[in-house]
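User: Walk me through how to read a few features of this model, please. Start with how the pieces pack, then move on to the empty space and the backbone oddities.

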Amino acid sequence: MQATQTLPDAAKDTIRSKFDQAESSDPIVLWWDDGNYLEDIIKQACDELDVTLKIAEETPLELRANPVDGEQVWYVPHVKHPDDVEGDFDWFRDVEHTGGEVEMGIEDLTTHAFTDEDLGVWGLKSATQATDPAQRDEIARILHNQLTGGRLPTLEQLRTQIVTGGHTDPVAFVLENGWGNIDDDPDTVGQLQTLLTREGVDAVASKDDPAEIVAATRRWAVAEWLIHAGVDADRFPPEFRAESAGAHDRPEIKKLLNTTASASLLADRYLGEAVWPDIVAEVDDPWELADCVVDAALERRLWEAWHTAFDAGDYETCLERAEERHDALLGGETHRGQYRGGYGPDSPWTRVWEQATEVARLGQQFATWDDNATDDVVSLFADPDDGTWQIDNAVLNLVVAGDPETDLPDDHPATAALADLRTQLQSEYVTYLEDLGDLVTDTVEAGAPFVDADHSYQFFTKESAGLESGQTIALFVIDALRLDLARRLADELREHVATLPADAPEFAVEEDVWLGTLPSETEFGKAALTPGEIKMFDVSLVDGELQPRRNARRVTTTRRESLLGGDGWTVTREENDGWQSTRVAYFKNDIDDIGEKELSDLETMLARRVDSLAAFIGTKLEQGEWDQAYVLTDHGFVLLPDAASPERISRPPEASDSGRRWIAGEDVDGDSPGVLLDASSRLGYLDANVSILASPLKRFRKQGLGDARFYHGGLLPQEFVLDFISITQG
């Protein structure tokens, strides 16, 4: 039964009734309130009745002062017979003849908000009584809130709120809070038991202990979702066979996940315990229940089935199923960035299946990357949709994701499986890099594979129309921005410019594949990114030393800045200095520094660096009103797993100069370690015999350089295939 009127309306009816019964033409209604819960309600009622209201501040005698004519209400905000005063105080006996006396607190007035004839209302009055002052205050607050708004509650909703301390749904309350702060008084226990059974939770009908009521309610709710997901209801005991209205109905726990702020706690509660293991074990195909995110028994079966499929090499099925389970556990994102209907992205239960998705995708990539034979190594690696650069990205993601299974119960199958899978895949990553190195070697030795590609030393010539247009231009030259990191950066920049205000300039973010200068080291790569004609750049052997040269002069750091300055560029390495120019070239070396210092959590630091670069570049785009910007890099890098053991090989006698991954000299030939690059390679800039390593597990010994996981200089695509980003306004 729903309330028929608000408390102010019930107060108006009470006051008007006393006025109508008055013998005086200037009636007075004296309203005694026990607790002063009704003052604002009486004020509203008097305003709407257009009658005078007098309120006693300290003593009822104040109400006789300053008499007025016409209808009026005298309000006394405390009990008529205070416990601390002896005697029977009947302050205004004459009011009985002029209007009437009302002794009514908020609990009594509440009964007038419902149909008087209904006996349930008097049960409500009994439920509202409390001897504890704090409990009475809480009940009064509930009554006031629920019966003064526009949407009036039902009797059951009000009773539920009183029992549960403000919650309108008894089932949701118990599922989320257990017994909470409800007292253990037998009458209260009986009230909540009645409320639950009226909501269909028959499993509590025979329970009279709070802990048993909570346990039965939770088991009932898990059974409800399993039945809703497709488990035969007849398999459950009769009292747990929750009725479902069909596909459009939502189980109670799922409804709770749409409103709760404690999703992570609910995940531990409803996925951390095997509630119906025998029934779940009888299900033929657990994946038919993948959207049901309760019961550890189901979670365990799903994971074990997934792992079996992975071991069998059925990566496509594993990927689809891991994504399905992850999405169910995640829930849906609201426009405010909150997640509803699941446990959210931060729950370890969700993160474990997110990693299972990455594991399955990576397993599939390892199994299929070389299915289509090609002599175009650059396209094989760099294709935006199908390129193997995605393997580097997936391995980095896998490491950054860490070990989410450590936050799960020890009996979750992932706690034993995921660490082994990560180790297995990182081992396969090294094998993939070795096979890719062999493919590069075969391709180079078969001819001149890179002739038709865009090379970084050609950048200033090929982009001259834009660079020399007179527009405001910013160059962001970021050291060691590997292809997958550059593509992450491009995606984040697209997201950033999409969130700019409507009156801000529009920017288009595009990407192009360029090849870095070989050897793929900083000295050669950055020297190539200097103004000048294509034919005036070369890498030559001078007095036994391999040097990058522009206009027959070696390009050092000072020379590079001079060339840029002579072409109108302001060179800066500072985030807040030098940006007043209309042509700025910003250089940053920290990715190389991070990798070569072999800091811990290297993968995580690289991912964070991309985030910070996107924020920095995005801010500069907004602040500088740039017409055009480019993000360039000098080289990429190889990042080996922790367990990999690269071989340090000695520099051969024919070499006169060397790096970690290359040697150069007059006598370097095809018998030297690595892949020979000479005039037959037709690179256009290399005027020396250079042998470069393509194997990921080999490097030349070089004084002062350790055997870190991070390195570059060689002939793996990760080291020299680059992504240049252009950002254009308009």
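User: Which strands does helix α22 (residues 483–498) lie across, and at about what angle does it run to β8?

Analyst: Some ground rules before that. This is a predicted model, where local features need pLDDT of at least 70 and side-chain atom pairs count only at pLDDT 80 or more, while totals for chains, interfaces and linings use all residues. Residues are numbered from 1 along each chain as its sequence is written, and side-chain values use heavy atoms, with hydrogens and water left out. Helices (H or I, at least four residues) and strands (E, at least two) are DSSP runs numbered from the N terminus. Contact means heavy atoms within 4.5 Å. Axes are lines fitted to C-alpha atoms, for helices over the stretch in contact, and angles run from 0 to 180 degrees between N-to-C directions. Now the case: α22 lies across β8, β14 (628–632) and β24, at about 170 degrees to β8.

User: What does helix α26 lie across?

Analyst: Helix α26 (residues 602–624) lies across β7 (473–478), β8, β13 (583–588), β14 and β24. Its direction is about 170 degrees to β7.

User: In what order do the strands of that open sheet come?

Analyst: For pairing, DSSP has to find at least two bridges between two strands. Here 6 strands form an open sheet in the order β8-β24-β14-β7-β13-β12, with mixed pairing. β8 (507–515) and β12 (570–572) are the edges, each with a single partner strand, so one side of each has no neighbour in the sheet. Neighbouring strands are turned by 15 degrees against each other on average, direction ignored.

User: In which sense do β8 and β24 pair?

Analyst: Antiparallel, over 9 bridges, with β24 covering residues 721–729. To find your place in the ladder, look for D512, whose bridge partner in β24 is F724.

User: Which residues of β3 are buried on its two faces?

Analyst: Take relative accessible area with a 1.4 Å probe, protein chains only: under 20% is buried, over 50% exposed, and in between partly exposed. In strand β3 (residues 72–76), 5 of its 5 residues are buried. Q72, W74 and V76 are on one side, with V73 and Y75 on the other. β3 also pairs in the parallel sense with β1 over 5 bridges, where W32 stands opposite V76. Strand β2 (residues 52–55) runs parallel to β3 too, joined by 4 bridges, and I55 has Y75 as its bridge partner.

User: On to the empty space. How many cavities of 30 Å³ or more does a search of the whole structure find?

Analyst: Rolling a probe the size of a water molecule over the atoms shows where empty space is left. On a 1 Å grid over the protein atoms alone, a cavity is a set of points where a 1.4 Å probe fits but cannot get out; a pocket is an open set with protein on both sides within 12 Å along at least five of seven lines; lining residues have an atom within 4 Å of a point. Points are joined across faces, edges and corners, and a volume is the space filled by probe spheres set on the points. The search gives 3 cavities of 30 Å³ or more. The largest has about 70 Å³, and its lining includes D392, Q426, R482, E603 and R709. α18 supplies the largest share of that lining, 4 residues.

User: How do the lining residues of the largest cavity divide by class?

Analyst: Ala, Val, Leu, Ile, Met, Phe, Trp, Tyr, Cys and Pro count as nonpolar, Asp, Glu, Lys and Arg as charged, and the others, Gly among them, as polar. That gives 7 nonpolar, 1 polar and 4 charged.

User: Which residues are closest to the centre of the second largest pocket?

Analyst: V399, Q426, E603, D642 and R709, out of 21 lining residues. The pocket's volume is about 450 Å³. α19 (414–445) gives the largest share of the lining, 5 residues, and the classes come to 8 nonpolar, 6 polar and 7 charged.

User: Last stop, the backbone. Where is the cis peptide bond?

Analyst: Between L518 and P519, with omega about -5 degrees. P519 is in the loop between β8 and α23 (522–528).

User: And is A480, with its positive phi, buried or exposed?

Analyst: Buried, at a relative accessible area of 0%. A480 has a phi of about 65 degrees although it is not a glycine, and lies in the loop between β7 and α22. N36, also not a glycine, has a phi of about 60 degrees, but N36 is partly exposed at 32%.
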